[in-house]
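Q: Please take a close look at the packing in one part of this model, and then place that part within the rest of the chain. I would like the numbers along with the reasoning behind each label.

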Amino acid sequence: MAALPARTRYRYSLGSFVTGPFGTVPGLLLLKYLTDTMGVAAGVAGVIVFVPKAWDVLFNPIAGRLSDADMVRTGSRRRFLLFGGIGVSILFAALFAHPGFGGPVPDAIYVVVVFLLCATAYAFFQVPFNALPAELTDSADERTKLTSIRIGFLAVAILICGGGAPAITEAVGGIAGYRVMGVFIAVIILLATLGVYFGLKDAPVGALRPNTVSPRELLRTLAQWRPFRWLLGVYFVQALGIGTVLAAIPYFAERILGSSGYSTLLFVGFVGPALLTMPLWPKLGASVGKLVGFRLATAAFGIGLLGLLGAKLFGLPVTMVFVAFCGVGYAGISVFPLAILPDLISDEEERTGETRAGVAAGVWTASETLGLALGPGIWGLVLQFGDYQSSLAPGAAQPDSALTAILLGASILPAVLILFGIPLLRKSVLERRS
């Protein structure tokens, strides 16, 4: 099949400006929005943030079957992309609109319902978006190029939205800040959706179609595929740590560093070094081996997190060095699982003579989504355990136990989760056989 036009690659990759904001901003700001503008108890807020994302994991197969049926009927998934993306845009703005029903309970119910609807709309966008590379081209090389550009767009989207969202809420201030931020992100999502929809109007359609996997086949595959389970365990635990870090950033900035305005600085100081060093990790992996590189990246992330324990003693400049170290390690633990996974898939397909790529992709995405969703839920429990006082008053005083919980929960807890990957990265299980 002929090479995909460059314009098709770039127009498809605009969808990262839908997936990036939805995957990053709620994990970064929604918990604090609930505790500090609605007065929702931290533990309850953690559950509110977790449940809709967990619903996404369960609903994705349903959205996939509906999308497949529409593809057969109409010959395109663009309609699902359009309506799903528009739904995410509208509901994202509504999520941070703060209706002010007069108490934490009705306000919390509003957020649960809207976030659940938003997650449902997101499934209708995400599933066809992930299916498109296999349908735009039959060429593995072209799909690799397409995915590489998409990842680049995703990194930029995360940097812009993850850095811009806290900056907007801080600059405007209070409830109005969250409302303006919600509309700003919603506009980005809407424009990206329209870009993908109209940009792919005349795009080619390849012969490949995703396979629908039954629950029985899924369980059978996982039971027999030990190396994949092992790598998936590392990926899930580390996604859990990353989700905890994202949720902790606003609290750490305000309560440990002394200003909520530092949230943007922390996020950019984390993501910026990750973007710069991401191309370097594969080169290191080619030199010392993927597993060794993965271990080094894990150690770098863990050391950076442990360094945050001394934030009050070191001050902001030294703390930012440790934040940058976290970003460097984050780049590595993002690269190496995706570099090892194709090796495992290829080995397993050669061993069994059966296709494994579709099963692996579905389980892998679900694991990442669940880990990133559970992280903020765990962070909410950390705050609850530390007796964090949810309040409608900005900058309300907190007991020493809450400050200690924030410091330890933003450093030691995610460090343990990230570093737990090292003993799981077993050469005997994960290293490719020659």
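A: What follows starts with the overall fold, goes to two helix pairs, and ends with single residues.

The model is predicted. Its protein chain has 18 helices and 0 strands, and 52% of its 434 residues are buried. Among the contacts with a separation of 6 or more, 82% are between residues 24 or more positions apart.

The part to look at closely is the pair formed by helix α10 (residues 262-277) and helix α14 (residues 316-352). Their axes are 7 Å apart and make an angle of about 40°. Since an angle of 35 to 65 degrees falls outside the roughly parallel and roughly perpendicular ranges, α10 is classed as oblique to α14. The two helices cross in the right-handed sense. On the α10 side, the contact uses Tyr 262, Leu 265, Leu 266, Gly 269, Phe 270, Pro 273, Ala 274 and Thr 277. On the α14 side, it uses Leu 316, Met 320, Val 323, Ala 324, Cys 326, Gly 327, Val 328, Tyr 330 and Ala 331. Sorted by class, these residues give 14 nonpolar and 3 polar, with no charged residues.

One of the α14 contact residues, Cys 326, can be followed further. Cys 326 has a relative accessibility of 2%, and because the cut-off for buried is under 20%, Cys 326 counts as buried. Cys 118 is also below that cut-off, with a relative accessible area of 0%, and is therefore buried. The structure has 0 disulfides.

A second helix pair can be set beside this one. Helix α9 (residues 226-256) packs with helix α12 (residues 290-307) at an angle of about 25°, the axes being 13 Å apart. Angles under 35 degrees count as roughly parallel, so α9 is roughly parallel to α12. The crossing of α9 with α12 is left-handed. From α9 the contact takes Leu 231, Val 234, Gln 238, Ile 242 and Val 245, and from α12 it takes Phe 294, Thr 298, Phe 301 and Leu 305. By class this contact holds 7 nonpolar and 2 polar residues, and no charged ones.

Helix α9 also contains Pro 250. With a relative accessibility of 2%, Pro 250 is under the 20% cut-off and so counts as buried. Leaving out residues up to four places away in sequence, Pro 250 touches Leu 28, Leu 29, Lys 32 and Ser 263. For one of these partners a C-alpha distance is available: Leu 29 is 221 residues from Pro 250 along the chain, and the two C-alpha atoms are separated by 7.1 Å. Another partner, Ser 263, has a number within the range 262-277 of α10.

Asp 56, in helix α3 (residues 42-74), is another residue with partners far off in sequence. Its relative accessible area is 1%, under 20%, so Asp 56 is buried. Apart from residues up to four places away in sequence, Asp 56 touches Phe 22, Ala 119, Tyr 122, Ala 123 and Thr 369. The C-alpha atoms of Asp 56 and Ala 366 are separated by 8.3 Å, with their positions 310 residues apart along the chain.

Two loop residues deserve a note on backbone geometry. Most residues other than glycine have a negative phi. His 98 is not a glycine, yet has a positive phi of about 50°. His 98 sits in the loop between α4 (78-95) and α5 (104-136), and at a relative accessible area of 6% this residue is buried. Asp 387, likewise not a glycine, has a positive phi of about 65°. Asp 387 sits in the loop between α15 (357-385) and α16. Its relative accessible area is 43%, which lies between 20% and 50%, so Asp 387 is partly exposed.

The helix that follows that loop, α16 (residues 400-419), holds Thr 404. Thr 404 is partly exposed, at 42% relative accessibility. Its C-alpha atom is separated by 9.6 Å from that of Leu 383, 21 residues away along the chain.

Conventions. Residues are numbered from 1 along each chain as its sequence is written. This is a predicted model: local features need pLDDT of at least 70, side-chain atom pairs count only at pLDDT 80 or more; totals for chains, interfaces and linings use all residues. Side-chain values use heavy atoms; hydrogens and water are left out. A disulfide is a pair of cysteine sulfur atoms within 2.5 Å. Buried means under 20% relative accessible area, exposed over 50%, partly exposed in between (1.4 Å probe, protein chains only). Axes are lines fitted to C-alpha atoms, for helices over the stretch in contact, and angles run from 0 to 180 degrees between N-to-C directions. Helices (H or I, at least four residues) and strands (E, at least two) are DSSP runs, numbered from the N terminus. Angles under 35 degrees count as roughly parallel, over 145 as roughly antiparallel, 65 to 115 as roughly perpendicular and the rest as oblique. A crossing is left-handed if the near helix is turned anticlockwise from the far one by less than a right angle, and right-handed if clockwise. Contact means heavy atoms within 4.5 Å. Ala, Val, Leu, Ile, Met, Phe, Trp, Tyr, Cys and Pro count as nonpolar, Asp, Glu, Lys and Arg as charged, and the others, Gly among them, as polar.
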